[in-house]
Amino acid sequence: MGKRFGQRGSPSTLYRLTPERIYSVGIKIGRRALEAVLVDFAGEVRARESHEYRFPDPQLVLKAGNMSLANFDKLVARLGDASIVGVGIASPYFLGGWSEELGFPDDLGSHWEAIDLTTFFTIRAKTPVFVENDASSAALAELVQGAGARFRDFMHISIDTFVGGGLVQGGKVHTGPHGNSAALGPLPVSPSSLDSVAAKPARYQSLLHRASIYVLVNHLRSRGVEINRVRELDPLPPRAREPLFEWIDDCANALVEAIIAITSVIDIEAIVLDSILPRPIHLELLAKVQTQFNTISAIGIVAPEIVSGQFGPEASPIGAAMLPFSALLAPDSGVLMIGKDKTMLLGSLLTLASQT
């Protein structure tokens with residue numbers, strides 16, 4: 001803290017953030033892994049954990065999440081008077097859905113529908129918990145610490161196990177009355193050109209069935225390249241190169257169709273494309289999307305800038321960790337909470353204020 005002189009009136013008081021005093025935890029419950037981060041008051045990731053599983057069995061997810069929370073609690077406890085002021089949880093809606101595509105148990109969806117994520121993990125009493133869609137959380141991360149510095153109106157597209165989206169307008173994440181805005185997976189696009197994708201009589205396919213990581217994994221397997229996680233593509237096995245670029249071309253084509261549809265309905269400045277792919281492959285996909293989009297002539301739309309997201313696989317957990325900080329500090333109550341729990345805002349704020 002200090003004083004600034006040389007202006008009219010009383011000298012202004014200067015304040016400096018002390019990021020080591022308060023922390024937030026962000027947890028992403030994914031279909032193949034749980035990702036957790038501990039974030040300080042300045043938005044820096046101080047610790048991270050990843051727990052993989054074949055499918056999101058609730059007991060495995062609970063064990064993994066509680067392990068990360070306990071480890072983060074121990075870390076913060078060693079810092080003296082520091083504290084964790086909140087926990088954000090990012091999870092796909094319909095977590096057990098599309099079980100046929102992923103080989104999940106048929107009853108997985110019904111198990112998750114019966115779970116209240118605000119009370120699922122073992123969290124210290126009176127610590128507020130915020131729950132949001134994983135793709136919307138990723139968009140929030142970009143808004144707060146990434147592309148939001150340049151764009152206040154953008155669509156965030158996440159290429160994960162399934163493709164997802166998050167809509168930002170006027171510097172706010174908009175999730176709609178059901179918390180399901182910008183759910184890009186069902187968006188109709190033309191059929192895939194990949195021979196590994198089962199042909200269907202329908203005139204269109206869902207974007208989910210063309211621009212998702214599970215499609216890439218299946219296509220590689222059809223060419224004899226067995227992988228379980230996309231990180232196994234860095235470094236790229238020689239046999240994977242050709243099928244990988246076949247998928248990139250098909251995925252990019254579908255994304256361009258989706259971008260035209262999005263910008264025909266919503267006036268935005270940018271498309272922020274991110275993925276859980278290794279960064280060199282992600283940038284190849286981004287370049288292909290940019291190139292293909294620039295070759296079309298979509299009359300009647302204002303072409304958005306197509307840029308890369310900054311956080312990759314950590315976008316959703318970082319965005320989740322931003323939820324408690326936003327609730328505590330955001331000056332505009334319209335951005336304090338997103339999704340279905342807006343009505344809980346006032347009580348959450350009062351709880352946070354009493355603890356800090």
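The legends below describe several close-up views of a predicted model.

**View 1. The whole protein as a setting for the close-ups.**
The secondary structure of this predicted protein comes to 9 helices and 14 strands, and of its 356 residues 52% are buried. Among contacts with a separation of 6 or more, 66% are accounted for by residues 24 or more positions apart.

**View 2. An open sheet of 5 strands, in the order β5-β4-β3-β6-β7.**
The pairing within this sheet is mixed. Strands β5 and β7 stand at the edges and have a single partner strand each, so one side of each is left without a neighbour in the sheet. From one strand to the next, the twist averages 15°. Helix α8, which spans residues 315–329, lies across β3, β4, β5, β6 and β7, and its direction is at about 140° to that of β3.

**View 3. The hairpin of β4 and β5.**
Strand β4, residues 33–40, pairs with β5 in the antiparallel sense, and 7 bridges join the two. One of the residues to look for in β4 is A36, whose bridge partner in β5 is E49. Between the two strands of the hairpin there are 4 residues, and in the turn G43 has a positive phi of about 90°.

**View 4. The parallel pair of β6 and β7.**
Strand β6, residues 83–91, runs parallel to β7 and is joined to it by 5 bridges. Two places where the strands face each other can be picked out by residue: V87 stands opposite V129 in β7, and A90 stands opposite E132 in β7. How much of strand β7 is buried? Strand β7, residues 129–133, is mostly covered, with 5 of its 5 residues buried.

**View 5. Aromatic pairs, beginning with F55 and F104.**
A search of the whole structure finds 5 aromatic pairs. In the pair shown here, the ring centres of F55 and F104 are 6.2 Å apart and the ring planes stand at 45°, so the pair is tilted. This pair links distant parts of the chain, since F55 sits in the loop between β5 and α1 while F104 sits in the loop between α2 and α3, 49 residues apart. Both F55 and F104 are buried.

**View 6. The rings of F120 and F121.**
The centres of the F120 and F121 rings are 4.9 Å apart and their planes are at 65°, so this pair counts as edge-to-face. F120 is buried, as is F121. The view also takes in W112, because ring pairs link W112, F120 and F121 into a cluster.

**View 7. The crossing of helices α5 and α6.**
Two packed helices are described by the angle between their axes and the distance between the axes. For helix α5, residues 213–222, and helix α6, residues 241–265, the axes come within 9 Å and cross at roughly 145°. The crossing in which α5 passes α6 is right-handed. Which residues make the contact? From α5 they are I213, V215, L216, H219 and L220, and from α6 they are P243, L244, E246 and W247. Sorted by character, the residues of the contact of α5 with α6 comprise 7 nonpolar, 1 polar and 1 charged.

Note on methods
Residues numbered from 1 in each chain as written. Predicted model: local features only at pLDDT ≥ 70, side-chain atom pairs only at ≥ 80, totals over all residues. Heavy atoms only, no water. Buried < 20%, exposed > 50% of the residue type's maximum accessible area, 1.4 Å probe, protein only. Pairing = 2+ DSSP bridges. Phe/Tyr/Trp six-rings, centres within 6.5 Å; stacked < 30°, edge-to-face > 60°. Axes fitted to C-alpha atoms, helices over the stretch in contact; angles between N-to-C directions. Left-handed = near helix turned anticlockwise from the far one by under 90°. Contact = heavy atoms within 4.5 Å. Nonpolar A, V, L, I, M, F, W, Y, C, P; charged D, E, K, R; others polar.
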